[in-house]
Every structure is written in C-alpha cells, then in structure tokens.
Amino acid sequence: MDQPTVGILHPGSMGAAVAASAATNAAAVLWCQAGRSPASAARATQFGLTGVHTLAELLHRSDIIISLCPPAAAEDLARDVARHGFAGVYVEANAINPERAQRITALLEPDATVVDGGVVGSPPVGGKTPTLYLSGPNAATERIEALFAGTALRTAMLGTEVGKASALKLAYTSFQKTSRVLVALAVGMAREHGVDQELFEVASKRADSYLSEPQYIAKTAARAWRWGPELEEAADALAAAGLPPEMLRAAASTLARWHDVQDDGGLTLQDALDRLAQL
C-alpha cells in the first residue's frame with residue numbers, strides 16, 4: 001500500500017488535526033518550523049507531527065502537500081511552493097473562491113498536480129467527523145481519498161473540475177457563518193431593549209433555529225478573524241456568479257468588530273455583545 005510522506009502548510013487548529021488524520025496512512029507527516037509561532041509548534045507536538053527546518057526541505061521530502069492557512073495567504077503560499085518546483089500532489093484546501101483556486105492551479109502546474117479541497121465541519125478531533133470535499137484529476141483525488149481512508153476525516157468526490165470543492169465550501173460558509181452573525185445582531189438588539197430572554201424563549205420553540213443557541217455568539221466572536229475573510233471570499237464568488245454580494249460583505253464587516261479576540265476561549269456572551277456594540 002502506498003504510504004506517502006505528507007507536508008502540512010500550516011498546523012493551525014484545522015491543519016494540525018487534518019495532518020494527524022493523514023498520519024494514519026502516511027509514512028510521515030511533516031511541518032515547516034521556519035517562521036511559525038510557539039502556538040503552532042505546540043500544536044504540531046500535540047498531534048505528533050515531524051518538524052523540518054525549511055520549506056525547501058519540506059517540499060523535497062513530501063509526496064503530498066496540504067495547504068490550510070488563512071484565505072488571504074493562500075496564493076502567496078502557493079507561489080512559495082511553485083518557486084521550489086514541487087512536483088507532487090498539492091491539496092489546496094483553503095476557504096477561497098473558485099477563481100483563486102484556478103489561479104493557484106495555474107501557478108503550480110505543470111510541475112505539481114493540484115486537487116481543490118474544502119473542509120466542511122469542525123476539526124477531526126474529539127469525535128468530530130468533518131468532510132473534505134475534493135475536485136480535480138481522478139488519480140490525484142483517489143490518492144487523497146486513500147490517504148484519509150478509515151480516519152475521522154471523511155472524503156467526498158465532486159468531479160474533475162478544480163473550483164467545485166471551493167464553491168461548495170463557500171456556498172455553505174455563506175449560509176452558516178452569516179446566520180451566526182445575524183444571531184449576534186438579533187440578540188444584541190433584544191438585549192438593548194431588555195427582551196433578550198423573551199427572544200430566547202421564542203427561539204426555543206424552533207429547534208432548527210440558530211437563535212436557540214445564543215451561547216454560540218462567543219464562539220463566533222472568537223472565530224471572527226478567520227470567518228470574516230472567508231465571507232469576503234464567498235462574496236467575491238457571489239459577485240463572479242452575478243449574484244449580490246452585499247449581505248456577505250456586511251456580515252464580514254460585522255465580524256471585523258471582533259477581529260482582535262483571536263480564538264479567546266474565555267470570552268463570554270456578555271463580553272461578545274459588548275464588543276459588538278462598541279463603535
């Protein structure tokens with residue numbers, strides 16, 4: 001059985017967990033220590049990843065590269081990889097719009113084979129089973145499917161066209177993340193008028209409503225620094241499809257009020273609403 005060496009760019013909360021899943025069927029999973037934070041190093045250690053000193057070494061030793069980084073950095077990272085002439089399978093798994101996925105493919109080909117990917121769900125730890133959607137050349141997508149076989153990260157194929165996986169990821173992002181922002185605004189308005197508990201009571205009668213989960217507002221605030229750029233990517237995808245992007249840009253602008261929270265696990269609902277209300 002093929003046991004490739006896998007390189008992860010970079011071990012954030014999602015990237016480290018995805019890399020750990022890949023380790024089940026890989027000879028080794030590597031990460032590049034250069035320029036990374038102590039938090040990244042701690043996550044890499046936690047998930048049992050093997051550190052290398054330079055990007056060149058990572059690319060030289062890896063058969064498969066998985067890119068999971070903030071959306072704004074995706075193309076610059078791909079350019080760095082392209083400059084080294086990486087010739088393996090490059091999984092572009094960031095929350096970027098389909099046009100950017102196609103540009104990245106053009107940057108890396110013909111040396112590398114690019115697979116478009118999109119992770120839907122929470123990181124694959126603690127019983128969570130997200131899905132990695134894949135689109136691209138059959139042989140390459142089948143190789144990624146085999147890499148994650150039997151792990152907590154499920155895979156699903158969407159065909160051979162690069163951009164399909166990115167489109168699905170952003171379509172889901174458009175609904176899921178914007179809905180969470182609307183909950184925060186609704187609760188903020190209700191609190192201002194002293195009817196927030198009544199709002200929760202109304203929402204509790206609808207089990208499928210995000211309003212019935214007000215505790216998630218603090219989690220939304222803690223993820224705003226990542227979600228905002230994803231919604232900007234989704235807005236670009238809407239505009240490219242001839243659809244109005246203004247709602248998603250407004251949601252991204254709202255998330256920007258929480259940008260400095262940076263995954264603060266100690267944030268309360270009250271703290272999040274107070275920050276949202278500040279001008």
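How far does the backbone oxygen of Ala146 lie from a polar atom of the side chain of Asn25? The distance is 3.3 Å, and the first view below shows the two residues. This is a predicted model, in which local features need pLDDT of at least 70, side-chain atom pairs count only at pLDDT 80 or more, and totals for chains, interfaces and linings use all residues. Residues are numbered from 1 along each chain as its sequence is written, and side-chain values use heavy atoms, with hydrogens and water left out.

**View 1. Asn25 and Ala146 meet through a polar contact.** A polar contact is a pair of N or O atoms within 3.5 Å; within protein, one must be able to donate a hydrogen and the other to accept it, and residues adjacent in sequence count only if both atoms are side-chain atoms. Asn25 sits in the loop between α1 and β2, while Ala146 belongs to helix α6. Helices (H or I, at least four residues) and strands (E, at least two) are DSSP runs, numbered from the N terminus. Asn25 has 12% relative accessibility and so counts as buried, whereas Ala146, at 46%, counts as partly exposed. Here buried means under 20% relative accessible area, exposed over 50%, and partly exposed in between (1.4 Å probe, protein chains only). Leaving aside neighbours within four places in sequence, Asn25 is in contact (heavy atoms within 4.5 Å) with Asp2, Gln3, Pro4, Ala146, Leu147, Phe148, Ala149 and Thr151.

**View 2. Helix α1 is mostly covered.** Of the 10 residues in this helix (residues 13–22), eight are buried. They are Met14, Gly15, Ala16, Ala17, Val18, Ala19, Ser21 and Ala22. Look around them for what provides the cover, which includes the strands β1 (5–9), β2 (28–32), β4 (64–67) and β6 (113–120), along with the helices α2 (38–46) and α6 (138–147).

**View 3. Helices α7 and α10 cross at roughly 125°.** The axes of α7 (residues 164–192) and α10 (residues 224–240) come within 9 Å. Axes are lines fitted to C-alpha atoms, for helices over the stretch in contact, and angles run from 0 to 180 degrees between N-to-C directions. The crossing angle therefore makes α7 oblique to α10; angles under 35 degrees count as roughly parallel, over 145 as roughly antiparallel, 65 to 115 as roughly perpendicular and the rest as oblique. On the α7 side, the residues in contact are Lys169, Leu170, Thr173, Ser174, Gln176, Lys177, Thr178 and Arg180, and they meet Trp227, Glu230, Leu231, Glu233, Ala234 and Ala237 of α10. This contact holds five nonpolar, four polar and five charged residues. Ala, Val, Leu, Ile, Met, Phe, Trp, Tyr, Cys and Pro count as nonpolar, Asp, Glu, Lys and Arg as charged, and the others, Gly among them, as polar.

**View 4. Helix α7 also packs with α11.** The axes of α7 and α11 (residues 246–255) are 10 Å apart, at an angle of about 55°, and the two helices are therefore oblique to each other. Ser174, Thr178, Val181 and Leu185 of α7 meet Met247, Leu248, Ala251, Thr254 and Leu255 of α11. By class, the contact of α7 with α11 has six nonpolar, three polar and no charged residues.

**View 5. A cis peptide bond joins Leu9 and His10.** Its omega is about 5°, and His10 is found in the loop between β1 and α1. The peptide bond from Glu109 to Pro110 is also cis, with omega near 5°. Pro110 lies in the loop between α5 (98–108) and β6.
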